[in-house]
Amino acid sequence: MRAVRSTHPANLFLPRVVCGRGTKSVASLLLSLELVENASSSRGQASSRDSSSNPSISSDNNPDLPWKFSDTNKEKVKEILSHYPSNYKQSAVIPLLDLAQQQHGGWLPVSAMNEVAKIIEVAPIRVYEVATFYSMFNRSKVGKYHLLVCGTTPCMVRGSREIEDALLKHLGVKRNEVTKDGLFSVGEMECMGCCVNAPMITVADYSNGSEGYTYNYYEDVTPKRVIEIVEMLRRGEKLPPGTQNPKRIKSGPEGGNTTLLSEPKPPPCRDLDAC
Ligand code: FES
């Protein structure tokens with residue numbers, strides 16, 4: 001078995017291994033093993049590992065559990081598929097997984113991934129590869145409010161580790177654990193594109209199903225502010241997303257602009273007839 005470079009666009013960054021007569025991503029191999037094991041368990045055969053040693057097999061996450069999109073979401077599925085040519089249904093894999101995750105309270109059981117594979121008419125492994133590659137897809141339970149701390153360099157140098165420590169300590173959980181009341185979990189994300197307002201967190205709110213799902217950024221946060229945000233969420237209060245620094249407007253400088261204060265001059269030759 002040796003590592004090779006994948007040429008499949010969906011798998012450019014997935015490590016792949018030569019195995020038997022072809023190559024497979026590591027994600028494919030792990031999920032294949034998991035499903036083979038699930039299949040043998042469901043046939044009542046002896047398994048070398050049981051659910052107590054394999055946390056991915058459980059009463060709420062196995063391929064025998066029925067999983068369907070709700071009636072409302074079936075309409076959304078149709079709408080999503082309408083964006084793609086009928087012979088490229090597989091291009092809808094990410095929005096369909098996203099919708100399935102919203103419907104399922106923030107995570108994707110294997111039976112939801114199998115349903116997506118059925119809809120877009122691909123082998124389930126093609127869906128598992130995508131779901132295991134993108135960190136926005138959760139393969140185990142998360143809280144109704146899943147708090148994601150950006151851990152990339154600009155946020156880190158501006159204090160993201162202190163932000164995460166404050167959240168974990170306040171909620172009494174480890175990273176990716178769910179609080180006992182099921183309300184909160186804390187994860188980590190890479191740069192979410194608002195480094196100018198670092199440090200920042202995202203709140204994925206699954207408390208109102210896919211209809212009321214929101215994914216909001218809270219920027220310029222401090223350890224004190226993120227705890228206030230948690231408590232406001234607990235009380236069901238609406239939070240203003242964006243910068244949490246009252247002295248900033250969006251991503252403008254604190255205290256107002258210090259440069260570029262006058263109206264910009266137009267270019268000298270805008271009126272070509274006058275040149
Ligand atoms: S580094 Fe955190 S948003 Fe870019």
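This report describes confidence, one exposed proline and one aromatic pair in a predicted model.

The model is predicted, so local features need pLDDT of at least 70 and side-chain atom pairs count only at pLDDT 80 or more, while totals for chains, interfaces and linings use all residues. Residues are numbered from 1 along each chain as its sequence is written, and side-chain values use heavy atoms, with hydrogens and water left out.

The chain has a mean pLDDT (the predictor's confidence in each residue, from 0 to 100) of 84, and 77% of its residues reach 70 or more. Over residues 1–30 the pLDDT is below 50; this stretch nevertheless has 41 contacts (heavy atoms within 4.5 Å) beyond near neighbours in sequence. Residues 35–53 also stay under 50 in pLDDT, with 17 contacts beyond four places in sequence. Where pLDDT is low, the predicted coordinates should not be read in detail.

A search of the whole structure finds 5 aromatic pairs (ring centres of Phe, Tyr and Trp, the last by its six-membered ring, within 6.5 Å; planes under 30 degrees apart are stacked, over 60 edge-to-face, the rest tilted). Among them, phenylalanine 133 and tyrosine 134 are edge-to-face, at 4.8 Å centre to centre and 80° between the planes.

Proline 246 lies in the segment after strand S8 (242–243), strands being DSSP runs (E, at least two residues) numbered from the N terminus. Its C-alpha is 9.7 Å from that of aspartate 220, 26 residues away in sequence.

Relative accessibility is classed as buried under 20%, exposed over 50% and partly exposed in between (1.4 Å probe, protein chains only).

| Residue | Relative accessibility | Class |
|---|---|---|
| Phenylalanine 133 | 26% | partly exposed |
| Tyrosine 134 | 32% | partly exposed |
| Proline 246 | 79% | exposed |

How values were computed:
Helices (H or I, at least four residues) and strands (E, at least two) are DSSP runs, numbered from the N terminus.
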